Amino acid sequence: MTSGAPPSRRDPVPGWPAAAPSPPPIPRRPSAPVLGASVLGPLVDVTMRGLLGRRRILLVGLLALAPVGVAAILVVGGGLGTTAQITRQLYDSLVMTTVVPLVALILGTTAIGAEIDDGTVVHLLAKPVGRGWIILAKMLVAGTAGVMLCGTSILLAGLLLVRLDSPGLLLGMLAGVVLSVIAYTAVFVTLSVWTGRALIAGLAYVLLWEGLVASFFSGTRLLSIREYGLAVAAGIAGPEAGTLARDVPLVTGLVLAVVVTVVAFWLGARRLARFEISDAG
Amino acid sequence: MSQLAAPPSVEVSAVAKWYGNVVAVNDITFSLEPGVTGLLGPNGAGKSTLLHLVAGLLRPSAGTVSVDGRPTFGDPAVYRRVGLVPEREAVFPYLTAREFVRLSAQLQGLPIGTGAVDRALGTVELAAAADRELATYSKGMRQRAKVAAALVHDPAILVLDEPFNGMDPRQRLHMMSLLRTLANEGRVILFSSHILEEVERVAERVLVVVSGRLAASGDFREIRRLMTDRPHSFTLRTSDDRALAGRLAGRPTVSGLTFEDGRLDVRTADFATFTRELPVMARDAGVSIFELAPADESLESVFDYLVRR
Amino acid sequence: MATPPDLLAGSATGSIFDLGYHGYDGPRLGRRHAIATLFTQSLKWTFGIGRGGRAKIAPFALAALTLLPAVIGVGIQALAGPAAAKVNPVTPHQYLTVVQTFIAFFVTAQAPELLGRDQRHHVLTLYFSRALERTDYALAKYGALVSALALVLFVPQLILLLGIIFASIDLGTGLGEALPLVWPILVSTIVAAAFFSGVGLVIAAFIPRRAFAAGAIVATFLVLSGVVQVLVVQGRLRDPFRYVALLDPYALLDGLATTMFGGVGGNVTVTRSGIDPVVFAAGACVVAVVTLVMLIVRYRRIEA
């Protein structure tokens, strides 16, 4: 009985498997089933390309450098009182309250959020790569970019305003910025793994929680990343802290920030390990 | 592939996946062997969900999906042996094809300089355009880039979700012969499609999924034979159609006869008996049979039947 | 029986009928109608009407929040009795400043919704291949958001006016007090709605991703007011640097209110900068117009 179907491009010999010779093996380096540190390089690379190579980074840079603009205007146009005081004011109300959280928010949510959103994250997940390394790479890139942008910004602004008269203040502000950027970006990266609405959630946290609640209810102060940063800044600035001084001691702020970062990392890695990708994306 | 210690195995056992009230995959069991298996079904039948379950991207709500005896979900190590070509077009637009495949190689732990990247690009015929950004690629080229990235680590199991999407006929033929070649090397290949001709030409076995359930599996011709509650149609060319027809009309196994253009179409409910009786009747009538062919043994008619059940 | 479909090909024994697309040669409604439709649709969408339950949450919640100060103010006034009748903690003069954050949030929530989807899903091609011009599209969207925001702000102020009328000794005096406020309320609300919406829409026009656009708009408002506060309040700036104060959207709002209603405004930037509130009001108008122009230019040049 001949088949009525069109001739297929099958093996001429019916039956399976065909006796074709196998090609020479591709040499493989024996290694652990799941890859570790060696993937960090490529992951960081692709994240950097994605995060920093676009127009978006210009906007973030602009935002981060706003304090420098303010400092410049103050220096050029103002008849200032105590410059140290205005520096502290700038730091407290503009840098730590607005610029740092927003920069961290944009960098942190984009680092993995964009890939989850458009589905390219599957190319990272369908690989024998430890999920923690993926999260680490994202946090590293976002955190480093944030630290560089905001750190440079506060350093320049501080130098413009107080020059080298208050080195303790400068150092303190820098330390506070660096610490809070790292903690913020870690939290926001994790947030974007947990929810698709990470940007809104992050905004709510920054504006509502840190803006309103933590300012008014001193009991909740220990739950605000901004407080950690300010505590560290005040602690390092020592006598130059002035109005920045808080009740929260330096060590507490430092430890809590580290704890938050580590917990965020751990939660993010866990969630990513159980991440489900359906055909919708 | 000869460095494989054991042939790859994929076992899906009583697997179900639901999202709240919606059941996407419902109690499906099968196992895959080396060769090409086509996953077939209407849109929304659960093909993609099933593929994602096999590829370890979804957690089964019930049942198990295992590769080489280990569950696929939550185990990144499984990707050493599995290559996945996802359906979504999205790739990293700011990377070139070469960088994309190289990233895939690096994330697979391949040492640099083995030429695996170039080999993979060559296999999908992207070597010439490899240094352009993926954002500038057409849909078919992106598809090929994804295939190259999935092949770079020489996986024993290849899962492709609608791989022929967006490919022009020439690319499609190339991909089909590529899949066959890979299958001949002992790999397990599972691909989904809703285009019957593609599946018919490439796959040895099909899995037909309808509304989340497995409606049939195996060689589609065999499936056809098993569909006994539906009359089989045959086309005969003989030396004397009418004489044979006259004899056939009297047989209870024959449920329909049609003359057309020098052909005799016969419908029968009992395939086995008919095939025994036909030669006898032909001999008794003194009629020579030149050709006897099944008229509805295409995958299309099989599929049509299964979908409507 | 209906007329049989057109014959595509036919003979004595067989026919094929053309059931496909037939052109329409009748009268068409034209450009005005298209603009009006886009305007009303966008206005409805701003309130989430026609978009499902979830889309209604933000606009209606914000509308309720803007209503709250007015209701509370009038409520207190009513409860306190006729003796303390004139004491309303929320006067029409201050009202806009009191709800300034809600105005910003309304724009943050709705501007990306209005513009983002059309860009992301490449629907602009469809719009521009109709009678609608590119400028019309920009105008209709701008008009819709401004109208929506103005509506949200009018209702509470109307309640405040009613409160004034009914708190007076008699209707005549009440009307006499309330009526002069109508014009300032109209002007200040519309200009405020216009310049806030304009800023939000221009940002949203460049960022198709809705979440990012929202973040960018909020960031803009926050950073602008934060920067200016530090500069103006803390420093004592010389001319021309003092005019940095005009970058603060909330200062513009307060200056506008002060100009229309008279009296003294509450915004720190306005008072500390030493610049006449009229300048701020003018600044608000300028921003409203400039952002509209930017929006039009953006949509004339966008690729669709």
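Where chain C meets chain A, 20 residues of chain C and 23 residues of chain A take part, a contact being two residues whose C-beta atoms, placed from the backbone, lie within 7 Å. The side of chain C that touches chain A has 13 nonpolar, five polar and two charged residues. Here Ala, Val, Leu, Ile, Met, Phe, Trp, Tyr, Cys and Pro count as nonpolar, Asp, Glu, Lys and Arg as charged, and the others, Gly among them, as polar.

This is a predicted model, where local features need pLDDT of at least 70, side-chain atom pairs count only at pLDDT 80 or more, and totals for chains, interfaces and linings use all residues. Residues are numbered from 1 along each chain as its sequence is written, while chains are lettered from A and ligands numbered from 1 in the order in which they are written.

On pLDDT (the predictor's confidence in each residue, from 0 to 100), chain A averages 82, with 85% of the residues at 70 or above. Residues 1-31 of chain A stay under 50, and the model has 40 contacts beyond four places in sequence for them.

Now for chain B and its domains, whose bounds come from an automatic or database domain assignment:

| Domain of chain B | Residues | Residues in contact with the other domain |
|---|---|---|
| domain 1 | 10-223 | 13 residues |
| domain 2 | 225-308 | 10 residues |

Taken over C-alpha atoms, the centres of these two domains of chain B are 40 Å apart. On the domain 1 side of that contact, α6 (196-202), β9 (205-210), β10 (213-218) and α7 (220-226) of chain B each give two or more residues, and α7(B) has the largest share with four. Helices (H or I, at least four residues) and strands (E, at least two) are DSSP runs, numbered from the N terminus. By class, this side of domain 1 of chain B has 10 nonpolar, no polar and three charged residues.
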